[in-house]
Amino acid sequence: MRLSAILISAVVIALSAGFARAQQVGEVGVDWLGNDIVVEAIKDPKVDGVICHVSYFDRGVVDRLQKGNWFEDPSDSAISCRQTGPITIRDIAFGESGEEVFKQGISLIWKKQVVNRIYDKANETLIYLSHSRQVQDGSAKMAISTVPLYGQEVVWANGKPK
């Protein structure tokens with residue numbers, strides 16, 4: 001293997017460390033233009049027992065040719081997160097903006113689909129926010145899902161926050 005290939009692999013691994021990886025679990029064709037709705041399962045890398053399902057629009061080649069804007073997909077997404085087993089929470093961020101647990105490109109260069117986790121201490125709830133990030137225009141399209149922890153036997157690896 002050439003040195004440049006090794007360096008590129010190392011950078012990709014370093015940049016993706018700490019982020020969840022999506023596994024495609026469904027794809028629904030919506031029209032004859034090749035447009036699809038993709039459904040992916042995302043496991044929170046710091047919270048065991050929670051799975052989020054995110055759906056988004058994947059534009060086909062014909063649609064890209066017809067409408068221009070060849071290099072990006074729409075910002076629309078939906079998210080639903082549920083407890084799927086015993087919950088163990090490791091070292092998560094407790095600030096108002098939470099932390100990014102997943103991101104993937106939805107354009108050739110800048111636009112990203114992102115999932116943030118926010119801990120609502122007062123209501124003992126994990127909040128998952130799906131949105132797109134676009135450098136120039138921002139994004140007002142978002143979706144939210146919550147996983148209540150109240151009444152659950154939650155294991156806090158570093159102790160429950162006070």
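Modeller: Let's start with a rule: two strands pair if DSSP finds at least two bridges between them. One more thing up front: what you see above is a predicted model.

Biologist: Okay, then what makes E4 and E9 a pair?

Modeller: Strand E4 (residues 77-89) and E9 are joined over 2 bridges, in the parallel sense. The rule asks for at least two, so they count as paired. You can look at the residues themselves: Thr88 stands opposite Val155 in E9, and Ile89 stands opposite Trp156 in E9.

Biologist: How do you know that E3 and E4 pair?

Modeller: DSSP finds 9 bridges between E3 and E4, and at least two are needed, so they pair. Their sense is antiparallel. As an example, the bridge partner of His53 in E4 is Ser80.

Biologist: And what joins E2 to its neighbours E1 and E3?

Modeller: E1 and strand E2 (residues 36-43) run antiparallel, with 7 bridges between them. Gln23, for instance, stands opposite Ala41 in E2. E2 and E3 are antiparallel too, over 8 bridges, and there Val38 stands opposite Tyr56 in E3. The link from E2 to E3 is a hairpin through 3 residues.

Biologist: Put those together for me: which order do the strands take in the sheet?

Modeller: The order is E1-E2-E3-E4-E9, 5 strands in an open sheet with mixed pairing.

Biologist: Why are E1 and strand E9 (155-156) called edge strands?

Modeller: Each of them pairs on one side only.

Biologist: Now for single residues. Is Ser130 buried or exposed, and how do you know?

Modeller: Its relative accessible area is 0%. Buried means under 20%, so Ser130 is buried. You'll find Ser130 in strand E7 (residues 125-133). Leaving out residues up to four places away in sequence, Ser130 touches several others, including Val54, Ser77, Gln113 and Met142.

Biologist: What about Ile92, which sits in a loop between E4 and strand E5 (99-105): buried or exposed?

Modeller: Ile92 has a relative accessible area of 4%, and the limit for buried is under 20%, so Ile92 is buried. Apart from neighbours within four places in sequence, its contacts include Lys46, Val47, Tyr119, Leu126 and Trp156. Val47 is 45 residues away along the chain, yet the C-alpha atoms of Ile92 and Val47 are separated by 8.2 Å.

Biologist: Then why is Val28 called partly exposed?

Modeller: Val28 has 47% relative accessibility. Buried is under 20% and exposed is over 50%, so Val28 falls in between and counts as partly exposed. Val28 belongs to strand E1 (residues 22-29).

Biologist: What makes Val28 fit into a surface patch?

Modeller: Patch residues need over 30% relative accessible area, so Val28 at 47% passes that test. Together with Val30 and Ile37, Val28 makes a nonpolar surface patch of about 210 Å².

Biologist: And on the inside, which residues have the most contacts in the largest nonpolar core?

Modeller: Ile89, Leu126 and Tyr128, in a core of 21 residues. Among the elements that give two or more residues to this core are strand E3 (47-58), E4 and E7. Leu126 is in contact with Val47, Ile89, Ile92 and Val147, among others, once neighbours within four places in sequence are set aside.

Conventions: Residues are numbered from 1 along each chain as its sequence is written. This is a predicted model: local features need pLDDT of at least 70, side-chain atom pairs count only at pLDDT 80 or more; totals for chains, interfaces and linings use all residues. Side-chain values use heavy atoms; hydrogens and water are left out. Patches are made of residues with over 30% relative accessible area and no salt bridge: like charges are joined within 9 Å, nonpolar side chains (Val, Leu, Ile, Met, Phe, Trp, Tyr) within 5 Å. Accessible areas come from the Shrake-Rupley method with a 1.4 Å probe; for residues, only the protein chains shown count as cover. A salt bridge is a side-chain nitrogen of Lys or Arg within 4 Å of a carboxyl oxygen of Asp or Glu. Helices (H or I, at least four residues) and strands (E, at least two) are DSSP runs, numbered from the N terminus. Buried means under 20% relative accessible area, exposed over 50%, partly exposed in between (1.4 Å probe, protein chains only). Contact means heavy atoms within 4.5 Å. A nonpolar core is a set of buried Ala, Val, Leu, Ile, Met, Phe, Trp, Tyr and Cys residues joined through side-chain atoms within 4.5 Å.
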